[in-house]
Amino acid sequence: MTSAGLEKQTDTLTDGISRGIRRQIAGVGVAQLAQTYGTPLYVYDALMIRRRCRDLAAWDTIRFAQKACSNLAVLNLIRSEGVMVDAVSTGEIHRAEKAGYPTHAVLMQSSDGLPPVHPIVYTADIFDRDSLDVVAKLGLPVNCGSADMLEQLAARVPGAHVTLRVNPGFGHGHSQKTNTGGEGSKHGIWHEEIPDVLRRAEWAGLCVSGLHMHIGSGADLVHLAEVAEALERVAHEIGRSLTTISAGGGLPVPYKPNEVHADLGSYFSLWDATRKRLEERFGHRIRLEIEPGRYLTAEAGSVITEVRAIKRQGTKKYLLVDAGFNTLARPVLYGSWHPMSLCPEKESQNQTARGPAEEEIVEDVVVGGPLCESGDIFTQQEGGFVETRALPATSVGDYLVIETCGAYGFVMASNYNSKPLPAEVLIDDGQARLVRTRQTPDDLVRGETV
Ligand code: LLP
């Protein structure tokens, strides 16, 4: 299958963006949001999240990898779309329960002979002691990324059904740091170990009923498509006990203007054909899952920041905003490129002080944050090489909107430099709602003693 066959043109979102100026997010004014909730501020568009959930409706189960964006209001929204959830820690199990996910298996109404689905699955390469306790107490299904987990689980939950997360020997991600396959990755059970691991599962009295592969995050569909073939081979080794297969996550989203949305129809057809062959071989229905994180929330999220200083360092012009890599870590970690646009400070300036002619003045600027570390730059390539971005002329007090931040944005924010975690707002049907308050100075020292 060629990449051309798997990719299609992206749909574009307008929402008040023109020539690098953005006045609204999901129908609400950027300046109004900034002035009501303060900056830096994470803002999510509920409609966009719903659209992305519905894009994947062909799959029997969509399981959200909540590590991408685990705010309770977002989880609740995703749950209300019929999407299940993945948890990689006791904290994520707690979040799933708080957002209304039941811990027991449920039979989906339209299931047509498929096995029941578990709303929450615990996926990891180890059990820490807490997670083993919680998984055993709640009876949650487990996706095991190492064989040692099998005996540890069997000792606590005799006869449990388990999923094996298999490393097929290859992987792909937008960065080497997000490639989860091959010998360079710690993830999953190595594909050549399967016969041995199946023996261990049998001795431990477990039933292997699920098979899962996730080769990386931000992969392309050509690499992802190779997984179906690899999974089918391992499925044959496991045999008839298998009732669920998972294609993992990794679906890419467009970040740069020239990037396109993947052709999800072709991707589903490929996996559906794999599932059908396995059903024929085993003589029973197989549930087909997909486990996206980024795809469901990335495009829905933006960070609103305020421009606090503008200065020159030799030939370079710097915009310094009030968000740093404590707010959004992807640029410093992976050299990730996020779209950016500016919004004048006052709504009224839209029509008066800033005419179209002024909007057309574009400058190449470096965008950085407030942290005491040189790497606190949003416009950088992997390896820390600073680059510039063409943005409309701006003044201190204007807002800079960093876009496509809804996945691996807030969840990777930190308190570095004793900066509070930002507030989060969800906009639904033109109404903005605060779904997480900004941390206070007291929050920063909670639990510490002198
Ligand atoms: N399933 C498993 C087992 C995973 O480890 C992940 C992501 C996913 C699903 C969801 O992958 P997605 O559909 O979002 O690509 N912080 C990085 C991404 C790390 C991904 C970790 N695992 C970033 O900002 O790009």
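A polar contact is a pair of N or O atoms within 3.5 Å. Keep that cut-off in mind for the ligand, where this tour starts. One thing before you click: the model is predicted.

**Stop 1: the ligand**

Select the ligand and Tyr-334. A nitrogen atom of the ligand sits 2.8 Å from an N or O atom in the Tyr-334 side chain, so the pair falls within the 3.5 Å of a polar contact. Now add Arg-330, where a polar side-chain atom is 2.6 Å from an oxygen atom of the ligand. Add Lys-67 too: an N or O atom of its side chain is 3.1 Å from a ligand oxygen.

How much of the ligand does the protein bury? Taken alone, the ligand exposes 590 Å², and the protein buries 92% of that. To see what does the covering, bring up the surroundings: 19 residues surround the ligand, and the closest are His-174, Ser-217, Glu-291, Arg-330 and Tyr-408.

**Stop 2: helix 10**

Next, select residues 264-282, which make up helix 10. This helix has 19 residues and reaches 27 Å from its first C-alpha to its last, close to the 27 Å expected at 1.5 Å a residue.

Colour the buried residues: Leu-264, Tyr-267, Phe-268, Trp-271, Asp-272, Thr-274, Arg-275, Leu-278, Glu-279 and Phe-282. Why do they end up on the same side of helix 10? Because they cover an arc of only 160° around the axis. Here is a handy rule for reading a helix: an α-helix has 3.6 residues a turn, so residues three or four places apart point the same way. Turn to the other side of helix 10 and you'll find Glu-280 and Arg-281, which are exposed.

Now check the two ends. At the N-terminal end, Asp-263 acts as a cap, with a side-chain oxygen 3.1 Å from the backbone nitrogen of Gly-265. After helix 10 comes Gly-283, whose phi is positive, near 75°.

**Stop 3: from helix 10 to a loop**

Stay with Arg-275 and add Asp-60. Their side chains meet in a salt bridge, 2.6 Å from N to O. The pair links distant parts of the chain, since Arg-275 is in helix 10 and Asp-60 is in the loop between helix 3 and strand 6 (61-65), 215 residues apart. Is Arg-275 buried or exposed? With 5% relative accessibility, Arg-275 counts as buried, while Asp-60 is partly exposed at 22%.

**Stop 4: more salt bridges**

A search of the whole structure finds 19 salt bridges. As a general idea, side chains of opposite charge can pair when their charged atoms come close.

Select Glu-81 and Arg-54, whose side chains form a salt bridge at 2.7 Å, N to O. Glu-81 is in the loop between helix 4 (72-80) and strand 7 (84-87) and Arg-54 is in helix 3 (residues 46-55), so this pair ties together parts 27 residues apart in sequence. Glu-81 is partly exposed, at 23% relative accessible area, whereas Arg-54 counts as exposed at 53%.

Then jump to Arg-200 and Glu-151, a salt bridge with its closest N and O atoms 2.9 Å apart. Arg-200 belongs to helix 8 (residues 194-203) and Glu-151 to helix 7 (residues 148-156), so the pair ties together parts that are 49 residues apart in sequence. Both count as partly exposed: Arg-200 at 23% relative accessibility and Glu-151 at 32%.

For the last selection, show Arg-50, Arg-54, Glu-81 and Asp-428 together: salt bridges that share partners join these residues into one network.

Note on methods
Residues numbered from 1 in each chain as written. Predicted model: local features only at pLDDT ≥ 70, side-chain atom pairs only at ≥ 80, totals over all residues. Heavy atoms only, no water. Helix = DSSP H or I, 4+ residues; strand = E, 2+ residues; numbered from the N terminus. Expected span 1.5 Å × (residues − 1). Buried < 20%, exposed > 50% of the residue type's maximum accessible area, 1.4 Å probe, protein only. Arc of directions from axis to C-beta. Polar contact = N/O pair within 3.5 Å; in protein donor to acceptor, adjacent residues only side chain to side chain. Near = heavy atom within 4 Å. Areas by Shrake-Rupley, 256 points an atom, 1.4 Å probe, with all protein chains shown as cover. Salt bridge = Lys/Arg side-chain N within 4 Å of Asp/Glu carboxyl O.
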